[in-house]
Amino acid sequence: MRLEDARQHLAEAGYRITKEGRLPNDTGTRLRLGGGAIVNVFDNGNYSCQGKNCEVVEALLDLGSAAK
């Protein structure tokens, strides 16, 4: 999944990105969401989710990537 796709899926679902920045190891971008979830979108197309309510956010992104 590309970073732009992740941003779009999150925005369409009503999630607000409160902070965005590169990962410390420079392999991708970290998106911090208003609900406490953190989405790491890697440059190679992979992504991971952690923090509060991450299961819901990850399911949303899984559906979004399957639709492409």
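Me: Which residues of H1 are buried?

Reply: In this predicted model, the buried residues of H1 are Leu3, Asp5, Ala6, His9 and Leu10. Viewed along the axis of H1, these buried residues fall within an arc of 160°, so they line one face of the helix. On the other side of H1, Ala11 and Glu12 are exposed, and just after the helix Gly14 adopts a positive phi of about 90°.

Me: What makes Asp5 count as buried?

Reply: The relative accessibility of Asp5 is 9%, and the word buried applies to values under 20%, so Asp5 meets the criterion.

Me: How do you know that Asp5 and Arg2 form a salt bridge?

Reply: The closest N and O atoms of Asp5 and Arg2 are 3.2 Å apart, and the cut-off for a side-chain nitrogen of Arg and a carboxyl oxygen of Asp is within 4 Å, so the pair qualifies as a salt bridge. As for the partner, Arg2 has a relative accessibility of 52%, and since exposed means over 50%, Arg2 is placed in that class.

Me: Why is the contact between Arg7 and Glu20 called a salt bridge?

Reply: The N to O distance between the side chains of Arg7 and Glu20 is 2.4 Å, and the limit for such a pair is within 4 Å, so the name applies. Arg7 belongs to helix H1 (residues 3-12) and Glu20 to strand S1 (residues 17-22), so the pair ties together parts that are 13 residues apart in sequence.

Me: What makes Arg7 and Glu20 partly exposed?

Reply: Arg7 has a relative accessible area of 29% and Glu20 one of 39%; the class called partly exposed lies between the 20% limit for buried and the 50% limit for exposed, so both residues belong to it.

Me: What links Arg22 with Asp26?

Reply: Their side chains meet in a salt bridge with an N to O distance of 2.9 Å, which satisfies the criterion of within 4 Å. Arg22, Asp26 and Asp43 are linked in a network of salt bridges, and a search of the whole structure finds four salt bridges.

Me: How do you know that S1 and S2 pair?

Reply: Pairing requires at least two bridges between the strands, and five bridges join S1 to S2 (residues 28-33), the two running antiparallel, so the condition is met. Within this pairing Ile17 stands opposite Leu33. S1 and S2 form a hairpin with five residues between them, and in its turn Asp26 has a positive phi of about 60°.

Me: What makes S2 and S3 a pair of strands?

Reply: Five bridges join S2 to the antiparallel strand S3 (residues 37-42), and at least two are needed, so this pair also qualifies. Gly28 stands opposite Phe42 in S3. The hairpin of S2 and S3 has three residues between the strands, with Gly36 in the turn at a positive phi of about 105°.

Me: Which residues have the most contacts inside the largest nonpolar core?

Reply: That core has 14 residues, and those with the most contacts inside it are Leu31, Val39, Val57 and Leu61. Two or more residues come from each of H1, S2, S3, strand S4 (47-51) and helix H2 (54-67). Leaving aside residues up to four places away in sequence, the residues that Val39 touches include Leu31, Leu33, Cys49, Val57 and Leu61.

Terms used: Residues numbered from 1 in each chain as written. Predicted model: local features only at pLDDT ≥ 70, side-chain atom pairs only at ≥ 80, totals over all residues. Heavy atoms only, no water. Buried < 20%, exposed > 50% of the residue type's maximum accessible area, 1.4 Å probe, protein only. Helix = DSSP H or I, 4+ residues; strand = E, 2+ residues; numbered from the N terminus. Core = buried A, V, L, I, M, F, W, Y, C linked by side-chain atoms within 4.5 Å. Contact = heavy atoms within 4.5 Å. Arc of directions from axis to C-beta.
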